[in-house]
Amino acid sequence: MANTKPVGVAYSDPDLSGGTIDDTPIGATTPSTVEGTTIYADVEIGYAAAAQGAVTQLTSKSTAVTLNTSAGQITMNAASLAATTNVTFTLTNSTISAKDVLLLTVTNGTSASYNAFVSSMAAGSATITLRNISAGPLAEAVVLNFAIIHCA
């Protein structure tokens, strides 16, 4: 029986919507969505290059940026940020929904000197806060990596 899997002594058709079985596309073309209750990966799960982007903040560390991709890098303005001080800016991104999770990491700058977090989210945008946790002012073009976990 095609596309079946053994379940004890009986067989059950798999619940699939798109994807591949043994590297063979399901259907006439490879679909863009795969759904399942449990999905495992042997190596990595992530976004292809086409889903990533980059943007550079222009005027100051509080200047809003726009990047309409599911993952990417934000290079912040190199303006000085005083010790133990927060700066907040808006990321406008058409792929963000209010139910999504936005992950951030600081990828450069003085080691262990910054915290970055999402202050708030709404459909189409997120407010991001960078905090200088060091004992002195820093003037660096901090780079933030981000990835969105999309929640339907």
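Reader: In what order do the strands of the open sheet with strand 6 and strand 11 at its edges run?
Author: In this predicted model, the sheet is open, has 4 strands and shows mixed pairing. Strand 6 (65-66) and strand 11 (114-122) each pair on one side only, which puts them at the edges. The order is 6-9-12-11.

Reader: Over how many bridges do strand 11 and strand 12 pair, and in which sense?
Author: Two of the pairs are Ser 120 with Thr 127 and Asn 115 with Arg 131. Strand 11 and strand 12 pair over 8 bridges, and the sense is antiparallel.

Reader: Which residue in the hairpin of strand 11 and strand 12 takes a positive phi?
Author: The hairpin has 2 residues between the strands. A positive phi near 90 degrees is found there, and the residue that takes it is Gly 124.

Reader: On the strand 9 side of strand 12, which residue is the bridge partner of Thr 92?
Author: Strand 9 and strand 12 run antiparallel and are joined by 8 bridges. For Thr 92, the bridge partner in strand 12 is Ser 125.

Reader: Which residues touch the most other members of the largest nonpolar core?
Author: In soluble globular proteins, nonpolar side chains tend to be buried together. The largest nonpolar core here has 21 residues. Strand 9 (85-92), strand 10 (101-106), strand 12 and strand 14 (143-149) each give two or more residues to this core. The members that touch the most others are Ile 74, Met 76, Leu 91, Ile 128, Leu 130 and Leu 144.

Reader: What does Leu 91 touch, not counting residues up to four places away in sequence?
Author: Leu 91 is one of the core residues that touch the most other members. Among its contacts are Gly 124, Ser 125 and Ala 126. The others are Val 65, Leu 67, Ile 74, Ile 96, Leu 102 and Ile 128.

Reader: In the open sheet 5-7-14-10, by how many degrees are neighbouring strands turned against each other on average?
Author: This sheet has 4 strands and mixed pairing. Its edge strands, strand 5 (52-56) and strand 10, each pair on one side only. With direction ignored, the average turn between neighbouring strands is 20 degrees.

Reader: Which residue in strand 14 is the bridge partner of Thr 105?
Author: Strand 10 and strand 14 run antiparallel, with 6 bridges joining them. The partner of Thr 105 in strand 14 is Asn 145.

Reader: What separates the C-alpha atoms of Thr 75 and Ala 141?
Author: Thr 75 belongs to strand 7 (residues 71-75). Leaving aside neighbours within four places in sequence, Thr 75 is in contact with Val 55, Thr 56, Gln 57, Ala 141, Val 142 and Val 143. Thr 75 and Ala 141 are 66 residues apart along the chain, yet their C-alpha atoms are separated by 6.1 Å.

Reader: Why does Thr 75 count as partly exposed?
Author: Partly exposed covers the range between under 20% and over 50% relative accessible area. Thr 75 falls in that range because its relative accessible area is 23%.

Reader: Is Ser 134 buried or exposed?
Author: Ser 134 lies in the loop between strand 12 (125-132) and strand 13 (138-139). The cut-off for buried is under 20% relative accessible area. Ser 134 has 15% relative accessibility, so it counts as buried.

Reader: At what distances does the side chain of Ser 134 reach the side chain of Asn 132 and the backbone oxygen of Gly 136?
Author: Leaving aside neighbours within four places in sequence, Ser 134 is in contact with Ala 83, Thr 84 and Ser 113. Its side chain also makes a polar contact with the side chain of Asn 132, at 2.6 Å. For the backbone oxygen of Gly 136, the distance is 2.8 Å.

Terms used. Residues numbered from 1 in each chain as written. Predicted model: local features only at pLDDT ≥ 70, side-chain atom pairs only at ≥ 80, totals over all residues. Heavy atoms only, no water. Buried < 20%, exposed > 50% of the residue type's maximum accessible area, 1.4 Å probe, protein only. Polar contact = N/O pair within 3.5 Å; in protein donor to acceptor, adjacent residues only side chain to side chain. Contact = heavy atoms within 4.5 Å. Pairing = 2+ DSSP bridges. Core = buried A, V, L, I, M, F, W, Y, C linked by side-chain atoms within 4.5 Å. Axes fitted to C-alpha atoms, helices over the stretch in contact; angles between N-to-C directions.
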